[in-house]
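Work through these exercises with the structure open beside you. Try each task before you read its solution.

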Amino acid sequence: MVEAFAHWEATRGESWLDCLDFETPSGEARESIPVRVVDMFRSYTGYVTTYSTDPYTATAFVRHGLLPCAPLHPKLAITVRTMEFFRRARLRAPRFSLQAFSAALSDFHERPTRKFFSQQLTVCYDLLIQLRQGVEARVKKALLRDSPNWRLMNACPSCLYKVDDEPPMKYAMHGAIDGKQFSEAAATDTGAAEAASKETEDVGSSEGDGTAASKAVEKTKTAEPMVSSGEPEDSGCEDRWHNMVNDMSSKMWGIYEETGIFLGVCRHGMVLLATDMIRSGELSKYPLAVIERLLDVLQDDLCMGYDCGCKFKKTMARSSLGPSASVHRLKFVVGLFHGHAHARSCQLFHLGTYIEGMGLEDHETCERFFAKSNALAPMVRHSSAFHRHQAIRTYFEHMDEIESFQALTVFLHDNFRQAFEIRETRGALLKTMSDLGVEHTSEFEQWLNEERAYLTSLKKEPAVETLQMEYYRALLALDDLTSQRTEALKSTYSPNDPQGNRKKERQRRAILKKHELKLEEVVALEDRLDIVERWEVGSLARQELAERVATRDYRLALDKLESLVVARIFELTKMNMSQTGYKLRKHIAKALQVRSKAVKTALKKFNDAAARMSPRVHDSHGKKSSPTGFWPNSTSYAIRAMTFEIRDGHAKPGGEL
């Protein structure tokens, strides 16, 4: 059939109007089969003549430009140009389903919509895709482009093709990797008795067609989530990249078989590799599999952007890929869009703005790609594995051939013009440097290194300050126990209540013991801090330390509250995503209620810490007040999020989302 389809494509001419005309093949005519033909704007009864050179009945149909709905005794056939119109329309508008196309054809032909007709269209569409893939495979074989790594080595001409005498760059190729839950596929309920599946099994090989090998992914089945809460993080970004609590999110992943895809693209938007994320979130095994394939094929001087590249760089260094990544000089950076969510100390080491050789690249190509491919999600969420992979594969091929490749000239032209405009500002830069007394641009690098060194020294609190804060808290506890000890010593005993007397005596002994232990702790801290005279209430040293402790508690509470609110906003976005089913919305809503309790607790701690701070700002009445937050009343479906504007240490509640 592939040969018959290729011959029909070659002889149909440039116009689709006369595509049903065909050359009479050599051989003896066998029979003429009556069949109902459905074209775009008409349907009629035609006859398909089979010849002795046709190995199958379906071959004769394809040679006539028809796609049969059954392999042996078809009664209905759809013209190739009709299904080709649907294929191209769906690539431009992924939400355009076969069911909608079936209803539209029925309306054109003034016939009632039948469910079986959409199933017949599905059979014809699958046949068309397989025929096109068969022709493409033959063309690749004839051009010697059928090796497993040929596509990856030639995915983007701008990135991978070299010209004669081209000067080497610091990074041979820029790209980006990221995971996205845009194409979740619901899992089949294996607990219920089911009829035999009518869906075609996806037995196609994933090697060499832009997908990471499943064996490479499964090498690290026990991979942990991208962020491990028990591991120290030098960049200070660990707490900023927590996903939902595992026991809360595990139920959500359980209703899906494929929870999304993990993608690798070049800076121009060409798809390099993609792999399914199976019943899990964005585990480290997926980027490890993608990076392993890239290192094996593309090898040296790759620069890849990743939203949590600072963390993944350490994950990869501890994996079996660590030595290979070091040998091939693999560089991980954080995209400019996601850089705002990283700590300043992390930005100085991983943000492309501060790294030599980045140029104008923002390493956010995956986000732009996902923004277009999000329209594909509703069409594949309840599809079989075969149709899901078919839809994603054909869409990626369309993006490469039509969208990204044709936009290369515009991309290169715009970048060249932007670079030229930046170079024209060099005169203004030199003048500003002269006015500020900066002699050479190397001073900028020196300033950057000084800032890096300074922030690196602040990764941990100074030991002396930590001891001082511990001493202050011990003094507060000692003062409280001293008051309790005084009250306990003043208590009197009643001769008529022996049981009550024994209880008071036990409490008194417990308080005296606690006071003695706390006093020993205070004395030990005073020895370590070389404090001769105890910092009593009202002393200047104690007041300064109290302000420092209150400020530290306030900042920690604010950071915790900020991280929970940002996570909650993302979960709200997921809950309100279009085409999300009712049950999934209810599940996310329950998870959000659990998250809401955590936010409410964090907000209470934030307000308590803010109340202990020295007043800094004035309210509308001119009185000094401390920064506080508020809690929205609604925690149901229309959950409102909180935002805080931090100005001069004051937190203002923002608007509703």
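The exercises below concern a predicted model.

**Exercise 1. The whole protein**

Task: Find how many helices and strands the protein has, and what share of its residues is buried.

Solution.
- Step 1. Go through the secondary structure. The protein has 23 helices and 14 strands.
- Step 2. Turn to burial. The protein has 657 residues, and 42% of them are buried.
- Step 3. Look at the surface. The accessible surface is about 37,600 Å², and carbon and sulfur atoms account for 54% of it.
- Step 4. Check the contacts between residues at least 6 apart in sequence. Of these, 69% join residues at least 24 apart.

**Exercise 2. Two packed helices**

Task: Describe how helix α4 and helix α5 pack, and sort the residues of their contact by type.

Solution.
- Step 1. Recall what to report. Two packed helices are described by the angle between their axes and the distance between the axes.
- Step 2. Locate the helices. Helix α4 spans residues 98–108, and helix α5 spans residues 115–142.
- Step 3. Give the geometry. The angle is about 115°, and the axes are 9 Å apart. The crossing of α4 and α5 is right-handed.
- Step 4. List the contact. From α4 come Leu98, Gln99, Phe101, Ser102, Leu105 and Ser106. From α5 come Phe117, Ser118, Leu121, Thr122 and Tyr125.
- Step 5. Sort these residues. Six are nonpolar, five are polar and none is charged.

**Exercise 3. An aromatic pair across the chain**

Task: Classify the aromatic pair of Phe86 and Tyr125, and say where each residue lies.

Solution.
- Step 1. Start with the whole structure. A search finds 16 aromatic pairs.
- Step 2. Take the geometry of Phe86 and Tyr125. Their ring centres are 5.3 Å apart, with 80° between the planes.
- Step 3. Apply the cut-off. Planes over 60 degrees apart count as edge-to-face. The pair of Phe86 and Tyr125 is edge-to-face.
- Step 4. Place the partners. Phe86 is in helix α3 (residues 80–92), and Tyr125 is in helix α5. They are 39 residues apart, and the pair links distant parts of the chain.
- Step 5. Widen the view. Phe85, Phe86, Phe96, Phe101 and Tyr125 form one aromatic cluster.

**Exercise 4. Buried or exposed?**

Task: Decide whether Phe86 and Tyr125 are buried or exposed.

Solution.
- Step 1. Note the cut-off. Buried means under 20% relative accessible area.
- Step 2. Test Phe86. Its relative accessible area is 0%, so Phe86 is buried.
- Step 3. Test Tyr125. Its relative accessibility is 4%, so Tyr125 is buried.

Conventions. Residues are numbered from 1 along each chain as its sequence is written. This is a predicted model: local features need pLDDT of at least 70, side-chain atom pairs count only at pLDDT 80 or more; totals for chains, interfaces and linings use all residues. Side-chain values use heavy atoms; hydrogens and water are left out. Axes are lines fitted to C-alpha atoms, for helices over the stretch in contact, and angles run from 0 to 180 degrees between N-to-C directions. Helices (H or I, at least four residues) and strands (E, at least two) are DSSP runs, numbered from the N terminus. A crossing is left-handed if the near helix is turned anticlockwise from the far one by less than a right angle, and right-handed if clockwise. Contact means heavy atoms within 4.5 Å. Ala, Val, Leu, Ile, Met, Phe, Trp, Tyr, Cys and Pro count as nonpolar, Asp, Glu, Lys and Arg as charged, and the others, Gly among them, as polar. Buried means under 20% relative accessible area, exposed over 50%, partly exposed in between (1.4 Å probe, protein chains only). Accessible areas come from the Shrake-Rupley method with a 1.4 Å probe; for residues, only the protein chains shown count as cover. Rings of Phe, Tyr and Trp (its six-membered ring) pair if their centres lie within 6.5 Å; planes under 30 degrees apart count as stacked, over 60 as edge-to-face and the rest as tilted.
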